[in-house]
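Please take a moment with the sequence and the structure shown below before reading on. The paragraphs after them are meant to be read with the model in view.

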Amino acid sequence: MSSSTRKPAGLQGAFRPRRTSATATAPGQAVKAVPPGGDAFRHEPPPDDLVDVGYISGAHGVRGWLKAQPHSSDAAAMLAARTWWLRPRAATGQPGQLASAKVLQAREHSGSVVVQLEQLTDRTQAEQFKGHVVAVRRADFPAPADDEFYWVDLIGASVVNLQDEALGVVEGLLDNGAQQILRVVSPAVAGGSQEERLIPFVKTYVHSVDAKAGRIVVDWGLDY
């Protein structure tokens with residue numbers, strides 16, 4: 001890992017999920033109108049593994065640099081990607097229009113990331129992107145250590161206990177400041193409501209994680 005990246009605070013033990021938003025752009029999302037920045041940006045169907053990693057909080061300096069706020073305390077994915085995909089933060093929550101831009105330089109700066117994109121050369125251009133969402137390809141994420149997992153890779157994983165009883169699937173992850181917590185939701189049974197379990201993502205409860213297979217084994221009873 002790059003020495004400039006920081007691991008999420010508050011997690012002890014063998015399991016360390018790196019935090020990234022689990023919101024991915026729909027495969028084949030059509031690119032519509034030209035966004036701020038003009039035709040210098042590339043307009044093409046986006047890849048199907050885009051993941052939201054932050055947003056543009058403003059311009060940085062007078063030469064077209066942008067300042068971005070990562071969704072995570074660990075900005076490794078944002079710093080590693082050589083292409084950023086930008087889209088307006090649509091009021092409806094829809095992905096909206098997308099444009100890709102080549103990253104020339106990116107570095108951490110006072111809790112944020114400052115970046116120089118190939119197509120932006122002055123502050124006026126850069127300011128038009130304030131509020132835009134930043135997405136990068138999951139394939140561009142740095143490889144995690146053996147005891148680390150990106151949160152986006154855990155979403156949708158099935159969760160079973162030591163008795164091989166199904167507890168549900170991971171719908172999200174929470175951070176209470178001391179530890180990360182799996183939000184596990186089971187399907188509704190016989191017309192009832194879904195059941196939600198909040199399981200601390202620490203070694204005491206989490207026995208194994210197979211991100212590729214989408215399976216997590218926990219020490220957690222059905223009646224907890």
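What follows is a guided walk through a predicted model, beginning with the nonpolar cores and moving on to a sheet, the aromatic rings and two loops.

A good place to begin is the largest nonpolar core, which has 26 residues, and in which Ile56, Leu66, Trp84, Leu117 and Phe141 are the residues with the most contacts inside the core. The elements that each give two or more residues to this core are strands S2 (50-60) and S3 (65-70), helix H1 (76-80), and strands S4 (83-87), S5 (99-109), S6 (112-117) and S7 (133-137). Strand S2 supplies the largest share of the core, with 4 residues. To see how one of these residues is surrounded, the reader can turn to Leu117, which, when residues up to four places away in sequence are not counted, touches Leu66, Leu86, Ala101, Lys102, Val103 and Leu104. Separate from this core there is a second one of 17 residues, and Phe149, Trp151, Phe201 and Ile216 are among its members.

The next feature is an open sheet formed by 6 strands, which run in the order S12-S11-S10-S9-S14-S13 and whose pairing is mixed. At the edges lie S12 and S13, each of which pairs on one side only, and from one strand to the next the twist averages 30°. One pairing within the sheet can be followed in detail: strand S11, residues 180-186, pairs with S12 in the antiparallel sense over 6 bridges, and here Arg183 has Leu198 in S12 as its bridge partner.

From the sheet the reader can turn to the aromatic rings. A pair of aromatic rings is described by the distance of the centres and the angle of the planes. The model has 3 aromatic pairs by the rule used here, and one of them joins Tyr205 and Trp220 in an edge-to-face arrangement, at 5.3 Å centre to centre and with 75° between the planes. This pair links distant parts of the chain, 15 residues apart, since Tyr205 sits in the loop between strand S12 (195-200) and strand S13 (206-210), whereas Trp220 belongs to the segment after strand S14 (215-218). Tyr205 counts as partly exposed because its relative accessibility is 31%, while Trp220, with a relative accessible area of 13%, is buried. The ring of Trp220 also pairs with that of Tyr224, and because the centres are 5.3 Å apart and the planes stand at 70°, this pair is edge-to-face as well. Tyr224 has a relative accessible area of 57% and is therefore exposed. Tyr205, Trp220 and Tyr224 thus form one aromatic cluster. Elsewhere, a charged side chain meets a ring: Arg89 lies over the face of Tyr55, at 5.1 Å from the ring centre.

The walk ends with the backbone of two loops. Most residues other than glycine have a negative phi. Ser110, although it is not a glycine, has a positive phi of about 50°, and Ser110 is found in the loop between S5 and S6. With a relative accessible area of 74%, Ser110 is exposed. Asp164, which is not a glycine either, has a positive phi of about 65° and lies in the loop between strand S9 (158-161) and strand S10 (166-175). At 52% relative accessibility, Asp164 counts as exposed, because the cut-off for that term is over 50%.

How values were computed:
Residues are numbered from 1 along each chain as its sequence is written. This is a predicted model: local features need pLDDT of at least 70, side-chain atom pairs count only at pLDDT 80 or more; totals for chains, interfaces and linings use all residues. Side-chain values use heavy atoms; hydrogens and water are left out. A nonpolar core is a set of buried Ala, Val, Leu, Ile, Met, Phe, Trp, Tyr and Cys residues joined through side-chain atoms within 4.5 Å. Buried means under 20% relative accessible area, exposed over 50%, partly exposed in between (1.4 Å probe, protein chains only). Contact means heavy atoms within 4.5 Å. Rings of Phe, Tyr and Trp (its six-membered ring) pair if their centres lie within 6.5 Å; planes under 30 degrees apart count as stacked, over 60 as edge-to-face and the rest as tilted. A charge sits over a ring if NZ of Lys or CZ of Arg is within 6 Å of the ring centre and within 35 degrees of the ring normal. Two strands pair if DSSP finds at least two bridges between them. Axes are lines fitted to C-alpha atoms, for helices over the stretch in contact, and angles run from 0 to 180 degrees between N-to-C directions.
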